[in-house]
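Here's a short tour of one chain and a couple of its odd spots. Take a look at the model first, then read on.

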Amino acid sequence: MEAITVTTTARSLQRLQCKHCGHTAEAEVTGFGEGTQSSLNAEGTALERAQADAQKDIERAIADVRCPKCQMRPEGAEARFWGPWVGMFAGGWVLGGILGAIPTVFDINMSQEDRVIAFWATFLILGVSTTLVVPLTAHSRYVMRDRRVRWL
Ligand SMILES: [Zn+2]
């Protein structure tokens with residue numbers, strides 16, 4: 001089965017009304033979107049998904065942007081940003097533990113020593129790669145997020 005992934009960018013004018021200082025500003029916001037379609041989907045599905053994704057990215061960017069006047073973000077903006085990354089980080093370690101425990105749980109025919117090695121190897125490989133990848137990706141997104149908003 002073949003799958004294609006399309007990435008796209010969208011731009012639109014958005015208005016900010018700061019909940020802290022009441023400042024209003026207009027901005028040109030750029031959103032990035034990605035969409036995937038398999039050969040089972042109709043032609044153009046990936047592009048449609050990418051465009052919808054880019055539109056959501058624009059809404060997220062303007063919803064949580066730092067106010068250009070008082071430099072405050074809306075309530076909960078930090079939690080909305082970091083929540084999924086914390087979840088992915090924890091998920092990577094938990095998944096490593098679950099996969100590593102499979103030989104023991106399903107009583108696969110392995111020696112006890114091999115089960116212990118399999119557990120720690122799987123747990124650490126997934127955990128360590130999660131530890132390396134997730135914070136780096138999160139940090140680069142964090143740096144990038146306000147750059148998607150250009151005040152007019
Ligand atoms: Zn403000």
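Let's start in a loop: Asp 107 sits between α2 and α3 (112-145). Keep in mind that this model is predicted. What is the phi of Asp 107 like? Its value is positive, at about 55°, even though Asp 107 isn't a glycine. That deserves a second look, since most residues other than glycine have a negative phi. Is Asp 107 buried or exposed? Asp 107 counts as exposed because it has 8 C-beta neighbours inside 10 Å, and the cut-off for exposed is 12 or fewer.

Now hop back along the chain to Gln 71, which you'll find in the loop between α1 (45-63) and α2 (77-105). Gln 71 isn't a glycine either, yet its phi is positive, at about 65°. Gln 71 is exposed too, because it has 10 other C-beta atoms within 10 Å.

Here are the two residues side by side:

| Residue | Phi | C-beta atoms within 10 Å |
|---|---|---|
| Gln 71 | about 65° | 10 |
| Asp 107 | about 55° | 8 |

Next, zoom out to the domains. The domain assignment splits the chain into domain 1 (3-75) and domain 2 (77-146). How far apart are the C-alpha centres of domain 1 and domain 2? They lie 29 Å apart. The two domains do touch, with six residues from domain 1 and six residues from domain 2 taking part in the contact. On the domain 1 side, the residues touching domain 2 are three nonpolar and three charged, with no polar ones.

How values were computed
Residues are numbered from 1 along each chain as its sequence is written. This is a predicted model: local features need pLDDT of at least 70, side-chain atom pairs count only at pLDDT 80 or more; totals for chains, interfaces and linings use all residues. Helices (H or I, at least four residues) and strands (E, at least two) are DSSP runs, numbered from the N terminus. A residue is buried if 20 or more other C-beta atoms lie within 10 Å of its own, exposed if 12 or fewer, and partly exposed in between; C-beta atoms are placed from the backbone. Domain bounds come from an automatic or database domain assignment. Two residues are in contact if their C-beta atoms, placed from the backbone, lie within 7 Å. Ala, Val, Leu, Ile, Met, Phe, Trp, Tyr, Cys and Pro count as nonpolar, Asp, Glu, Lys and Arg as charged, and the others, Gly among them, as polar.
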